[in-house]
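Me: I've got a model open and want to know the reasoning behind the labels people put on it. Can you walk me through it?

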Amino acid sequence: MSAQSSPAHQASEAFDVVIVGAGFAGMYMLHRLRGLGLSARVYEQGGGVGGTWYWNRYPGARCDVESMQYSYSFSDELQQEWDWSERYAPQPEILKYANHVADRFDLRRDIQFDTSVDRAEFDERSNAWSVTTSDGRTVSANFVVLATGCLSNARKPDIKGLDRFKGPVYHTGNWPHEPVDFTGLRVGIIGTGSSGIQSVPVIAEQAKHLTVFQRTPNYSIPAHNAALTPAERQKFRDNYPEIRRFARWEARNGIYTDLPDRGALDDGDSERRAKYEARWARGGLTFMSVYNNLGLDKAANDTAASFVREKIAETVKDPATAKLLQPTTYPIGTKRICIDTDYFDTFNRPNVSLVDIKASPIEEITENAVRVAGHDHEIDTLVLATGFDAMTGSVARIDIRGRAGRTLNQKWAEGPKTYLGLMSAGFPNLFIITGPGSPSVLSNMIVSIEQHVDWIADCLVHMREQGLATMEADVSAEEKWVAHVNEVAHGTLYPQANSWYMGANIPGKPRIFMPYIGGVGAYRQICNDVAAKGYEGFVLGRAAQPRRAAS
Ligand code: FAD
Ligand code: NAP
C-alpha cells in the first residue's frame with residue numbers, strides 16, 4: 001500500500017497515512033501504523049505532544065478518571081513501569097507521561113510540530129488526499145486520520161467589550177507555558193464547568209480577590225485526591241488484565257468499578273442515602289454508577305440530584321451563595337459531572353465572591369471590570385473557563401473536501417453525520433478518532449481512543465490484504481446509524497440539558513446529541529461485528545485497473 005510509488009501523487013511528499021493531531025489518539029495511531037510497515041506523518045499545531053495536556057495548563061488541571069485507568073493499555077511494559085504519583089495525576093505529570101511515550105516509542109521523528117493541517121482534498125482519480133499545511137506545503141496520502149480531539153477548540157465567549165479589557169486574559173484551554181502568578185491580584189473567572197471548578201480553589205488561594213461569574217451551576221463530586229501508595233499501584237498492576245477487560249466490555253463508560261444491580265427507587269430512603277454517602281466519601285466519577293437508572297429515570301435522578309444539593313447547602317455557609325451554587329435546571333449527570341477539590345468550600349473564603357450571570361447576564365467588559373446589572377466588578381486579570389466548540393470544532397476548522405468537492409462543513413451544517421463515528425459518507429479514506437456518533441466523550445477517552453485506533457489499523461490491514469484502494473461509509477448505513485444514535489440518546493435524560501454534548505454552548509450550533517450513549521462494550525461489539533462481516537455498511541473499492549490499449 002505504499003503511496004510513495006503512486007504516479008498519481010504529484011505532491012512534494014507522499015505517505016500512506018497523514019494523521020492530524022499528536023494527542024493520545026494521534027500518538028497511538030502513529031505507533032500502530034509503524035508496526036504495520038506503513039508510512040505516516042503526523043501534523044500537530046502545538047509545539048509538543050500530549051494534546052489536551054499540552055494546552056490545558058491552568059491551575060488545578062488534572063484528570064478526573066483515575067490515572068491508573070486514564071493511561072494507555074497497549075503496552076504492558078509501559079503500564080507496569082510508569083509510576084503515577086496521585087489518584088488523579090496533575091496536568092504536568094500527564095504531559096510528562098505523553099512525552100515519555102513519545103520518546104519510548106520513538107514517535108517524534110514522524111511528527112511535524114507547530115504545523116496545522118488547513119485543507120484536505122480528495123482526488124477521485126488517484127484515490128488520494130492532498131493535504132495542505134500551514135507552512136504552505138501540500139503532501140499526498142492514501143488515508144487521513146483526524147486525531148484532532150473533541151475538546152481542542154477553545155471557545156472565547158462573544159461578550160461585548162472583551163477586547164477592550166486592559167489586563168491579561170487567559171483561556172483555560174490555551175494556557176500560557178510560563179507560570180501565571182495571581183498573587184495580590186483581583187481575578188475574575190467566567191465559567192463554572194470542569195475547568196472552572198478545578199481552577200477556582202487554586203486561584204482563590206493566590207489571588208487578593210476572586211470573583212466567579214456563574215451562568216449555570218454544576219453538580220460536582222469531591223475527588224478525594226491523594227498520593228498513590230506503592231501497594232495501591234501494585235494492586236492495579238497485578239489486576240490490569242481484568243481491569244482493562246472490564247473497562248472495555250462491561251463498564252458503559254470505560255471505567256472499572258462495581259456495577260449497580262438496581263435502580264434508585266428500589267431502595268428505601270435510608271438505604272439509598274447510605275449508598276450516596278458511601279459514594280460521596282469514595283469520591284470521583286463513579287458516584288453516578290451507584291444505581292443503574294440515574295441517566296434514565298427522572299424520579300431516580302432527582303434522588304441523587306437532591307443529595308448533591310444538600311451537600312452543597314451543608315458546605316457553603318452563606319445560604320444565598322449556597323442556593324446559587326445548587327443546580328436545579330437539569331438532571332444530574334446530563335452535563336458532564338464535575339470532580340473537585342474543595343470547590344464549594346472555596347466560597348466560604350472571605351476573598352471569593354459569586355456573581356449570578358444567569359439572572360443578569362454580563363452587560364459588558366470594560367477596561368478594568370466586568371459589568372453586571374449596572375455594577376462594575378473591578379478586576380486586574382480575567383480567566384475564561386468557557387469551554388470548547390466540542391466534538392466538531394477542530395474538524396470544522398479544516399477545509400475538508402470529499403467526493404465532487406463537497407465540504408464536510410456543508411455536509412455537517414445540520415449536525416454531524418457519521419457511520420459509527422468513524423467515517424462520513426462521501427469522504428473516502430478519511431477516519432475520525434472518537435468522532436461524533438461514537439462513545440467518545442462519554443467514556444474514559446483512552447479506552448475509546450485505543451479501540452478506534454486498533455479498529456482502523458485492522459481495517460487498513462484488511463484493505464492491504466484484499467488489494468482495496470478505497471473505503472467509505474455507505475449512505476444508508478450512515479443514516480441508520482445516525483437514527484440509532486439519536487434514538488438511544490432520546491431514551492435517556494441527557495438531551496434535557498443544554499450541554500456541550502448537545503452543541504448548546506455554541507450559539508447557532510445545531511442541537512444534536514453528538515456522542516453515542518449505548519456504552520463502550522456494546523459499541524465495541526457492533527464495530528467488531530461490522531468488521532467480521534467484511535466491513536458491513538462500508539463501500540470498499542478497488543483501484544481502477546490501467547486501461548489496455550485497443551488492439
Ligand atoms: P487532543 O488531546 O485534544 O489532541 C488533539 C490534538 O490535535 C491537539 O494537540 C491539537 O492541537 C491537534 N490539532 C487539532 N486540529 C489540528 C489541525 N488542524 N492541525 C494540526 N493539529 C491539530 N478525558 C478522560 O477520559 N478523562 C479525563 O480525566 C479527562 N480530563 C480532561 C481534562 C481537560 C482539561 C480536558 C480539556 C479534557 C479532558 N478529557 C478527559 C478529554 C481529553 O480530551 C481526552 O481524554 C484525550 O486527551 C483526547 O486525546 P486526543 O488525542 O483524542 O485529542
Ligand atoms: P464547559 O463544561 O463547557 O464549561 C464552560 C463554562 O463556561 C460553563 O459554566 C458555561 O456556562 C460558561 N460559559 C460559556 N460561555 C459563556 C458565556 N458566553 N457567558 C458566560 N458563561 C459562559 O467547559 P470546560 O469546563 O472547559 O469543560 C469542558 C469539558 O472538558 C468537560 O466537560 C470535561 O469533559 C473536560 N474537562 C475535564 C476536566 C477534568 O476534571 N478532568 C477538567 C476540565 C475539562 P453554561 O453552563 O451556562 O453554558
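**Reasons behind the labels**

Reply: Sure, and keep in mind that this is a predicted model. Let's start with Pro168, which sits in the loop between strand S6 (138–146) and strand S7 (169–171).

Me: What makes Pro168 partly exposed?

Reply: Its relative accessible area is 38%. Buried means under 20% and exposed means over 50%, so a value in between gets the label partly exposed. Pro168 has company too: leaving aside neighbours within four places in sequence, it is in contact with Asp380, Thr381 and Leu382. Ala120, on the other hand, is 48 residues away along the chain, and its C-alpha atom is separated from that of Pro168 by 36 Å.

Me: And Pro90, is that one buried or exposed, and how do you know?

Reply: Pro90 comes out at 18% relative accessibility, so against the cut-off of under 20% it counts as buried. You'll find Pro90 in the loop between helix H3 (76–81) and helix H4 (91–104). Beyond its neighbours within four places in sequence, Pro90 is in contact with Ala61 and Arg62. Pro90 and Tyr535 are 445 residues apart along the chain, with 40 Å between their C-alpha atoms.

Me: What about Gln496: what label does it get, and why?

Reply: Partly exposed, because its relative accessibility is 46% and exposed would need over 50%. Gln496 belongs to the loop between helix H14 (475–490) and helix H15 (520–532). Its contacts, leaving aside neighbours within four places in sequence, are with Lys298 and Pro331. From Gln496 to Glu242 you count 254 residues in sequence and 35 Å in space, C-alpha to C-alpha.

Me: Zooming out, why is the protein chain called as compact as a globular protein of its length?

Reply: First the inventory: the protein chain has 15 helices and 20 strands. Its radius of gyration is 24 Å, close to the 24 Å that the globule rule gives for 551 residues, so it is as compact as a globular protein of that length. Along the principal axes, the C-alpha atoms fill a box of roughly 90 × 55 × 45 Å.

Me: How much of the protein chain is buried, and what does its exposed area consist of?

Reply: Of the 551 residues, 57% count as buried. The protein chain exposes about 22,900 Å², with carbon and sulfur atoms supplying 48% of that. As for contacts with a separation of 6 or more, 72% of them come from residues 24 or more positions apart.

Me: Where do the charges sit on average?

Reply: The 59 positive and 65 negative charges have mean positions 3 Å apart.

Me: Now the aromatics. How many pairs are there, and what makes Tyr72 and Phe74 edge-to-face?

Reply: The count comes to 39 aromatic pairs. For Tyr72 and Phe74, the ring centres are 4.9 Å apart and the planes are at 65°. Centres have to lie within 6.5 Å to pair, and planes over 60 degrees apart count as edge-to-face, so that label follows. Tyr72 is buried at 0% relative accessible area, while Phe74 is partly exposed at 23%.

Me: And what kind of pair do Tyr219 and Tyr330 make?

Reply: Edge-to-face again: their centres are 5.4 Å apart and the planes are at 80°, so the angle is over the 60 degrees required. Tyr219 lies in the loop between strand S9 (209–214) and strand S10 (220–222), and Tyr330 in the loop between helix H9 (319–325) and strand S11 (338–340), so this pair ties together parts that are 111 residues apart in sequence. Tyr219 is buried at 2% relative accessibility, and Tyr330 is buried at 5%.

Me: Which residues do ring pairs link into a cluster?

Reply: The cluster includes Phe24, Tyr28, Trp53, Tyr70, Tyr72 and Phe74, along with Trp82, Trp84, Tyr97 and Phe105.

Me: Last one: what makes the phi of Thr434 worth pointing out?

Reply: Most residues other than glycine have a negative phi. Thr434 has a positive one, near 55°. Ser440 also has a positive phi, about 40°, although it is not a glycine. Thr434 is found in the loop between strand S18 (430–432) and helix H13 (445–466), and Ser440 is in the loop between S18 and H13. With relative accessibility at 5%, Thr434 counts as buried; Ser440 is buried at 0%.

Technical notes: Residues are numbered from 1 along each chain as its sequence is written. Chains are lettered from A and ligands numbered from 1 in the order in which they are written. This is a predicted model: local features need pLDDT of at least 70, side-chain atom pairs count only at pLDDT 80 or more; totals for chains, interfaces and linings use all residues. Side-chain values use heavy atoms; hydrogens and water are left out. Helices (H or I, at least four residues) and strands (E, at least two) are DSSP runs, numbered from the N terminus. The radius of gyration is taken over C-alpha atoms; the globule rule is 2.2 Å times the number of residues to the power 0.38. Buried means under 20% relative accessible area, exposed over 50%, partly exposed in between (1.4 Å probe, protein chains only). Contact means heavy atoms within 4.5 Å. Accessible areas come from the Shrake-Rupley method with a 1.4 Å probe; for residues, only the protein chains shown count as cover. Lys and Arg count as positive and Asp and Glu as negative; His and the chain ends are not counted. The place of a charge is taken as NZ of Lys, CZ of Arg, CG of Asp or CD of Glu. Rings of Phe, Tyr and Trp (its six-membered ring) pair if their centres lie within 6.5 Å; planes under 30 degrees apart count as stacked, over 60 as edge-to-face and the rest as tilted.
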